[in-house]
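Hi everyone, thanks for making the time. I'd like to spend a few minutes on the aromatic side chains in this protein.

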Amino acid sequence: MINRDLLERYAAEIPVPLDNNMLSQFQVYAGELIGTNRQYNLTAITDPDDVIVKHFIDSLMVLKYFDLDYGTRVIDIGSGAGFPSLPLMIAKNNKLKVTFVDSVRKKLSFISNALKSCGLEAELVCGRAEELGQKPEYREKYDVATARAVARLNVLCEYCLPFVKVDGYFIALKGVNDELKDAENAIRKLGGEVESYVSYKLPNGDPRSMVIIKKISHTPTEYPRNNKKISSKPL
């Protein structure tokens, strides 16, 4: 289904070494993604080489700039088809404790099937981030929150930072637009501090950026607000 040699080579350049079992898991994942996408729209990217670069390598780039230790508790907000956290689970040999969050049950059903096919385990939660972020069982319980191109950074921070414990991190995978300046107020109000901002290119030359925000204080209890306020009056 996918070119394993190409995936292995691109991953090694990060560097993220992938053994034969991991490469097989990525092949299964790609098969699930492309097959399911014929019945249900998960992604516009279905060419096998594009899946490698724009989904798998794009997700694995997190490991170039952030050290995800085994046992790290990760929450993936707006998980969609499982990016970036499912590729990270494969690369970390299923040693991450991941919670996938999405408001669309069909997407979580796909992730569930992909996890089972790959021999992986994770928690799946169907719900809206702004509601879950106010619940004590999720609020400030995670070492790391991730999100990939879900919303503008100032909005995304309000969805994600409430889940992160103090001294934890929020990792936002973004495109080329520099949204950091517009998000400075939101980051500060929500208890965060920018640790690093990096720009890079995928193997095909597509530009990407990553914002790594450290949680330095508790998020005030009024955040996250309801979706209407977040959208109409972003911080």
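I'll go through some ring pairs, then a cluster, then two spots where a charged residue meets a ring. Please keep in mind that this is a predicted model.

Searching the whole structure turns up eight aromatic pairs. Let's begin with Phe-26 and Phe-56: their ring centres are 4.8 Å apart and the planes meet at 50°, so we call this pair tilted. Where do Phe-26 and Phe-56 lie? Phe-26 is in helix 2, residues 20-37, and Phe-56 is in helix 3, residues 48-60, so the pair ties together parts that sit 30 residues apart in sequence. Both Phe-26 and Phe-56 are buried.

Now stay with Phe-56, since that ring also pairs with Phe-83. This pair is tilted too, with 6.2 Å from centre to centre and 55° between the planes. Here again, distant parts of the chain are linked: Phe-56 belongs to helix 3, while Phe-83 is in the loop between strand 1 (73-77) and helix 5 (85-91), 27 residues away.

Are these two rings buried or exposed? Phe-56 has 0% relative accessibility, so it counts as buried. Phe-83 comes in at 5%, so Phe-83 counts as buried as well.

If you zoom out a little, Phe-26, Phe-56 and Phe-83 are among the members of one aromatic cluster, together with Tyr-29 and Phe-110.

Last, the charges. The charged end of Arg-73 sits over the ring of Tyr-142, 4.4 Å from the ring centre. Lys-95 lies over the face of Tyr-70, at 6.0 Å from the centre of that ring.

That's my tour, and I'm happy to rotate the view for anyone.

Note on methods. Residues numbered from 1 in each chain as written. Predicted model: local features only at pLDDT ≥ 70, side-chain atom pairs only at ≥ 80, totals over all residues. Heavy atoms only, no water. Phe/Tyr/Trp six-rings, centres within 6.5 Å; stacked < 30°, edge-to-face > 60°. Helix = DSSP H or I, 4+ residues; strand = E, 2+ residues; numbered from the N terminus. Buried < 20%, exposed > 50% of the residue type's maximum accessible area, 1.4 Å probe, protein only. Lys NZ or Arg CZ within 6 Å of the ring centre and 35° of its normal.
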